[in-house]
Amino acid sequence: MNAAKMRFILFNLARNAYRTAQYALKQINPNYSPKSGSLFIGGGGTNNAGYCKGVWQTHIEAYKRFASPITPLRVAEFGPGNTIGSGLCALLDGACEYYAFDAYSYSDNDGALALLDKLIKLCDYDKNRSDRIVRVLNGEKDEAIKINYVAPWENTATLPKADFIFSQAVLEHVDNLKKFYEAQAQILDRGGLCSHQIDFRSHGETFEWNGHWAISLNRWRKIRYIRPYSINREPLSTHLKLLKQNGFEILNIQTVADKKLISIDRRRLAPEFANLSDEDFTTSSALIVARKA
Ligand SMILES: C[S@@+](CC[C@H](N)C(=O)[O-])C[C@H]1O[C@@H](n2cnc3c(N)ncnc32)[C@H](O)[C@@H]1O
């Protein structure tokens with residue numbers, strides 16, 4: 001056994017002991033939700049202006065390639081995380097409406113203002129436009145710039161309309177993917193585009209990148225139960241199937257099958273994943289672009 005695997009095993013032993021204690025606490029108090037430690041997956045990397053800019057660039061490039069060279073006016077993002085930084089990039093680039101839908105309320109106005117300040121220092125954005133965004137974040141009305149942050153979004157009766165929906169490192173966490181794809185179909189009109197970057201790896205739950213597909217449902221429930229959100233373990237094909245079921249035409253799939261990652265042997269797959277296609281079994285991440293037909 002190599003040192004990396006030994007380190008992981010020791011870390012995992014400690015984590016399992018901690019989880020067992022948290023699990024017991026949750027049995028006593030069902031409202032218990034740990035806010036720190038390895039049980040809590042946080043709001044991602046959107047405290048970093050460069051990261052937000054990169055995320056927006058990835059998705060807007062997809063939009064411009066498959067829809068129009070002009071920045072869409074109405075943009076929606078699912079799971080922005082710590083800040084709405086990628087959405088601020090959309091507004092700085094010319095979008096007029098930005099809707100953020102998260103499961104948990106990570107982002108606040110102070111964080112958004114701080115991030116906007118970093119973005120302005122990072123890039124040469126139009127000063128008048130950034131000043132107007134600052135005023136909107138401070139609660140002033142602007143006829144042509146609208147920001148709407150909704151968390152949690154799942155019980156929202158009416159969803160707004162948008163021309164473009166994107167997400168970064170989110171859809172692997174969404175528990176109810178059927179509901180998400182139905183909502184996306186509701187938000188986009190015919191011709192509207194979506195771009196989603198999805199990370200299919202085990203997010204540190206197992207030593208091998210795809211070891212989460214070797215964990216039985218019962219064991220997974222214990223890992224999952226205590227967390228506000230975890231990973232849904234759905235492979236690429238689930239997303240493609242749900243997109244088609246909801247009237248989407250798939251325009252592009254950029255998959256990564258990273259050969260450098262340590263993989264399990266197929267024979268170790270848990271019964272519910274035993275029939276994974278070779279593409280699902282080897283795809284560690286994907287950028288999917290689709291159009292509402
Ligand atoms: C790993 S973070 C990624 C955050 C950000 N997009 C980034 O790139 O750093 C995952 C995000 O997905 C959100 N999330 C989890 N379940 C969700 C759901 N059902 N609907 C919307 N967002 C969800 C989390 O609240 C969190 O903001």
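**Questions about a predicted model**

Colleague: What share of the 293 residues of the protein counts as buried?

Modeller: The share is 31% of the 293 residues. A residue is buried if 20 or more other C-beta atoms lie within 10 Å of its own, exposed if 12 or fewer, and partly exposed in between, with C-beta atoms placed from the backbone. This is a predicted model, in which local features need pLDDT of at least 70 and side-chain atom pairs count only at pLDDT 80 or more, while totals for chains, interfaces and linings use all residues. Residues are numbered from 1 along each chain as its sequence is written.

Colleague: Why is Lys 241 called partly exposed?

Modeller: Lys 241 has 13 C-beta neighbours inside 10 Å, so it falls between the two cut-offs and counts as partly exposed. The residue is found in helix H8, residues 236-245. Helices (H or I, at least four residues) and strands (E, at least two) are DSSP runs, numbered from the N terminus. The C-alpha atom of Lys 241 is separated by 39 Å from that of Met 6, 235 residues apart along the chain.

Colleague: What makes Arg 233 buried or exposed?

Modeller: Arg 233 has 20 other C-beta atoms within 10 Å, and the rule asks for 20 or more, so Arg 233 is buried. Arg 233 is found in the loop between helix H7 (217-225) and H8.

Colleague: What is the phi of Arg 233?

Modeller: Phi of Arg 233 is near 65 degrees, a positive value in a residue other than glycine. Most residues other than glycine have a negative phi, and most peptide bonds are trans. Ala 169 also has a positive phi, about 55 degrees, although it is not a glycine. Ala 169 lies in the loop between E4 and helix H6 (177-187). With 18 other C-beta atoms within 10 Å, Ala 169 is partly exposed.

Colleague: What makes the peptide bond from Ala 151 to Pro 152 cis or trans?

Modeller: Omega is near 0 degrees there, and the bond is cis. Pro 152 lies in the loop between E3 and strand E4 (162-168).

Colleague: Which order do the strands take in the sheet?

Modeller: The open sheet of 7 strands has the order E3-E2-E1-E4-E5-E7-E6, with mixed pairing. Two strands pair if DSSP finds at least two bridges between them.

Colleague: What makes E3 and E6 edge strands?

Modeller: Strand E3 (146-150) and strand E6 (248-256) each have a single partner strand, so one side of each is left without a neighbour in the sheet. The twist averages 10 degrees from one strand to the next, where axes are lines fitted to C-alpha atoms, for helices over the stretch in contact, and angles run from 0 to 180 degrees between N-to-C directions.

Colleague: How do you know that E2 and E3 pair?

Modeller: Strand E2 (residues 97-101) and E3 are joined in the parallel sense over 5 bridges, and at least two are needed. Phe 101 has Val 150 in E3 as its bridge partner.

Colleague: How do you know that E1 pairs with E2 and with E4?

Modeller: 5 bridges join E1 to E2, in parallel, and 4 bridges join E1 to E4 in the parallel sense. Both counts satisfy the rule of at least two. Val 75 stands opposite Tyr 98 in E2, and Phe 78 has Ser 167 in E4 as its bridge partner. E4 in turn is joined to strand E5 (residues 188-199) by 6 bridges, again parallel.

Colleague: Why is strand E1 called mostly covered?

Modeller: In E1, residues 74-78, 5 of the 5 residues are buried. Arg 74, Ala 76 and Phe 78 point one way, whereas Val 75 and Glu 77 point the other way. In a regular strand the side chains alternate between the two faces of the sheet. E4 is also mostly covered, with 7 of its 7 residues buried.

Colleague: How do you know that the radius of gyration agrees with that of a compact globule?

Modeller: The rule is 2.2 Å times the number of residues to the power 0.38, and the radius of gyration is taken over C-alpha atoms. For 293 residues a compact globule would have a value near 19 Å, and the protein has 20 Å, which agrees. The C-alpha trace spans about 60 × 40 × 40 Å along its principal axes.
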